[in-house]
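Me: I am new to this structure. Please take a close look at the annotated binding site and tell me how its parts are placed.

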Amino acid sequence: MVSVTIHATTHDYDVVIGKDLRNKVTELIDSDYTSILVITDDKVETHYLNEVASSLKENFEVHTAIVPAGESSKSMRMYEKVLDRCVEARLDRQSLIIALGGGMIGDLAGYVASTYLRGVDYIQMPTTILAHDSSVGGKVAINHPNGKNLIGSFYNPTKVIYDIETIDTLPESEIRSGYGEVIKHAFLSDEGWSKTLLEVDIQRVTKEQLETDLTRGIHVKASIVEQDERETGLRKHLNLGHTLAHAIEAELGYGEITHGEAVAIGLLFMMKLSEEVVGAELPVKEFTEWLKKNNYPLSLLSTLDSEHMVERMLWDKKTVGQEINFVLLKKISDACVLNVDKKEIVKQLNLLKAEVSGE
Ligand SMILES: NC(=O)c1ccc[n+]([C@@H]2O[C@H](COP(=O)([O-])OP(=O)(O)OC[C@H]3O[C@@H](n4cnc5c(N)ncnc54)[C@H](O)[C@@H]3O)[C@@H](O)[C@H]2O)c1
Ligand SMILES: O=C(O)C(=O)C[C@@H](O)[C@H](O)[C@H](O)COP(=O)(O)O
Ligand SMILES: [Zn+2]
């Protein structure tokens with residue numbers, strides 16, 4: 001078992017990474033809670049809810065809330081439903097919420113925890129690769145039809161319990177999605193690691209490599225959120241690739257593309273923009289090849305109208321006074337935030353669309 005302590009402004013919390021933790025959750029809960037509400041989705045429920053609930057029942061009164069799997073559950077409607085469940089279960093201020101699932105559940109349950117009774121404790125139990133990112137750092141949110149995560153807060157969990165065995169049941173599409181954020185963390189931090197990842201074949205990646213990459217990603221994220229929890233500066237770098245990614249997700253409809261796939265496409269666009277705007281020399285060719293080899297859905301770019309995507313980007317949380325701010329790379333592991341002219345964004349997006357469709 002590996003434990004990484006995150007030093008947050010409100011409290012320190014541990015990210016515990018290990019095997020079979022789903023059957024040992026009770027042992028990992030330090031406080032004496034009156035009751036626990038486990039929030040999960042209906043896919044994760046079939047795999048892991050029984051084990052987690054059985055472990056908790058040894059010591060606690062346990063309630064459950066199950067929402068439909070998929071990004072469309074990160075909504076106002078589902079937020080209200082889960083709050084109703086909190087009320088129905090009579091959770092009090094000494095109750096605990098457990099978010100059992102991927103980033104969708106982590107964000108939704110975390111937002112519920114941050115607002116119910118003005119805030120109750122919650123634990124993140126990530127079950128996807130992507131959630132190595134979402135379970136750390138305390139950003140919790142739900143989506144609005146206009147833009148991703150428009151309603152949310154910063155609210156740190158009391159613990160993150162990452163049972164690494166749960167990722168065994170992930171389909172290939174979710175491994176692909178997870179690697180979108182893993183490679184983002186590599187681009188932000190380490191050229192050598194980035195090169196290693198560009199060799200990864202998503203269909204054949206080993207368990208050992210997955211564990212190493214996840215743990216590494218958690219360390220990168222931890223270091224950044226510890227320095228700038230509320231995203232006044234440095235934390236913006238974690239948004240690398242997200243200005244386009246979030247615009248694509250909202251445009252296609254939440255859940256039509258995975259978050260990590262959208263981020264991967266956003267990273268490619270970020271690279272092209274970085275070359276153009278800051279004269280960076282980046283492994284664009286290698287990254288494009290890697291995306292193609294691993295079946296990231298680059299072809300959907302051709303379905304997007306560039307001007308309209310710029311309109312979508314105005315909902316990005318880095319947008320100030322209608323100016324779009326991009327996280328760009330001067331080189332691998334050296335990011336900056338720059339205002340990019342809307343005409344330039346349209347031009348570069350059109351060029352990228354033409355390139356990937358082979359025009
Ligand atoms: N808060 C943050 O800092 C942060 C960071 C990154 C992403 N996010 C958010 O995270 C969300 C994406 O998270 P995600 O990719 O984990 O998606 P997700 O939670 O929707 O999970 C993806 C799919 O995998 C299924 N699943 C989950 N665990 C499984 C398992 N172990 N075995 C089999 N199936 C499993 C789910 O039911 C779902 O169908 C987005 O909403 C994104 O905005 C938040
Ligand atoms: O933790 C952060 O900060 C991030 O930006 C991580 C992103 O991977 C994540 O998708 C986050 O939810 C995006 O935040 P937002 O503020 O752009 O909604
Ligand atoms: Zn993300």
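Reply: Start with a cut-off: a residue counts as buried if 20 or more other C-beta atoms lie within 10 Å of its own, as exposed if 12 or fewer do, and as partly exposed in between. Keep in mind that this is a predicted model.

Take Thr 169. Thr 169 has 13 C-beta neighbours inside 10 Å, so it is partly exposed. Its place is in the loop between strand 9 (159-163) and helix 6 (172-189).

Thr 169 belongs to a list. The unreviewed UniProt entry gives the feature "binding site" at Thr 127, Thr 128, Lys 139, Lys 148, Thr 166, Ile 167, Asp 168 and Thr 169. These positions span 43 residues in sequence, and their farthest two C-alpha atoms are 28.3 Å apart, so they do not all gather at one spot.

Now turn to Lys 148, also on that list. Lys 148 sits in strand 8 (residues 147-154). Lys 148 is buried because 26 other C-beta atoms lie within 10 Å. Leaving out residues up to four places away in sequence, Lys 148 touches Asn 143, His 246, Glu 249 and Ala 250.

Lys 148 is also one of the residues around ligand 2. Lys 139 is there too. Others around ligand 2 include Asp 133, Asn 149, Glu 181, Arg 235, His 242 and Lys 317. By type, this shell holds one nonpolar, four polar and seven charged residues. Both domain 1 (2-168) and domain 2 (172-356) supply at least three residues each to the shell.

Note on methods. Residues numbered from 1 in each chain as written. Chains lettered and ligands numbered in written order. Predicted model: local features only at pLDDT ≥ 70, side-chain atom pairs only at ≥ 80, totals over all residues. UniProt positions renumbered as here; feature names shortened; annotations may be inferred. Helix = DSSP H or I, 4+ residues; strand = E, 2+ residues; numbered from the N terminus. Contact = placed C-beta atoms within 7 Å. Near = placed C-beta within 6 Å. Nonpolar A, V, L, I, M, F, W, Y, C, P; charged D, E, K, R; others polar. Domains from an automatic or database assignment.
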